[in-house]
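Visitor: Please choose a single part of this structure and take me through it slowly, explaining each term as it comes up.

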Amino acid sequence: MRFGWGAFSDVEEGFSEIARRRSYSCPSPPQRTLSSIHKAKGLECDHVMVMACDRTQFSSTSYSKCKMYVALSRAKRSLALVVPDTNASPLFKV
């Protein structure tokens with residue numbers, strides 16, 4: 001069954017239906033997944049590795065800080081960061 005705009009009585013009911021559909025259609029990512037930060041938003045994994053934590057990917061802008069937060073907050077049990085010796089992101093102390 002498909003629902004169009006205005007099919008829900010309030011916003012909470014609509015959000016509840018979206019959450020139900022997401023958990024039913026894809027309850028969790030595959031055991032090993034390679035993903036961009038944007039596509040990983042909203043997902044959680046036991047172990048996460050963030051590649052290329054350099055100045056190009058994560059500068060000191062507000063957008064980069066938000067993107068880094070999303071990347072770091074995907075991990076439930078362990079987090080590994082690959083930070084280069086040269087040209088490291090200013091968001092990390094190396």
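Guide: What follows is a short look at the whole chain and then a longer look at one residue and its surroundings.

This is a predicted model, in which local features need a pLDDT of at least 70 and side-chain atom pairs count only at pLDDT 80 or more, whereas totals for chains, interfaces and linings use all residues. Residues are numbered from 1 along each chain as its sequence is written, and side-chain values use heavy atoms, with hydrogens and water left out.

The chain has three helices and two strands, where helices (H or I, at least four residues) and strands (E, at least two) are DSSP runs numbered from the N terminus. Read from the N terminus on, these elements follow the order α-α-β-α-β. The mean pLDDT, which is the predictor's confidence in each residue on a scale from 0 to 100, is 83 for the chain, and 84% of the residues reach 70 or more. Among the elements, strand 2 has the highest mean, at 94, and helix 1 (residues 11-25) the lowest, at 76. Where pLDDT is low, the predicted coordinates should not be read in detail.

The residue to look at closely is Arg74, which sits in the loop between helix 3 and strand 2. Arg74 is buried, a word that here means under 20% relative accessible area, while exposed means over 50% and partly exposed lies in between (1.4 Å probe, protein chains only). Of the 94 residues of the chain, 18% count as buried.

Which side chain of opposite charge is nearest to Arg74? In this count Lys and Arg are positive and Asp and Glu negative, with His and the chain ends not counted, and the nearest one is Glu44, at 5.6 Å. Arg74 therefore has no salt bridge, since that term asks for a side-chain nitrogen of Lys or Arg within 4 Å of a carboxyl oxygen of Asp or Glu. Glu44 itself belongs to the loop between helix 2 (37-40) and strand 1, and it is partly exposed, at 48% relative accessible area.

Arg74 does have polar partners, however. Its side chain makes a polar contact of 2.6 Å with the side chain of Ser73, and a polar atom of the Arg74 side chain lies 2.7 Å from the backbone oxygen of Val70. A polar contact is a pair of N or O atoms within 3.5 Å; within protein, one must be able to donate a hydrogen and the other to accept it, and residues adjacent in sequence count only if both atoms are side-chain atoms. Leaving aside residues up to four places away in sequence, Arg74 also touches Ala40, Lys41, Gly42, Leu43, Glu44, Cys45 and Val48, where contact means heavy atoms within 4.5 Å.

From Glu44 the picture can be carried on to Lys76, since the C-alpha atoms of these two residues are 6.6 Å apart in space although 32 residues separate them in sequence. A search of the whole structure finds one salt bridge, and Lys76 forms it with Asp46, with the closest N and O atoms 3.8 Å apart. Asp46 lies in strand 1 and Lys76 in strand 2, so the pair ties together parts that are 30 residues apart in sequence. Lys76 is exposed, with a relative accessible area of 52%, whereas Asp46, at 34%, counts as partly exposed.
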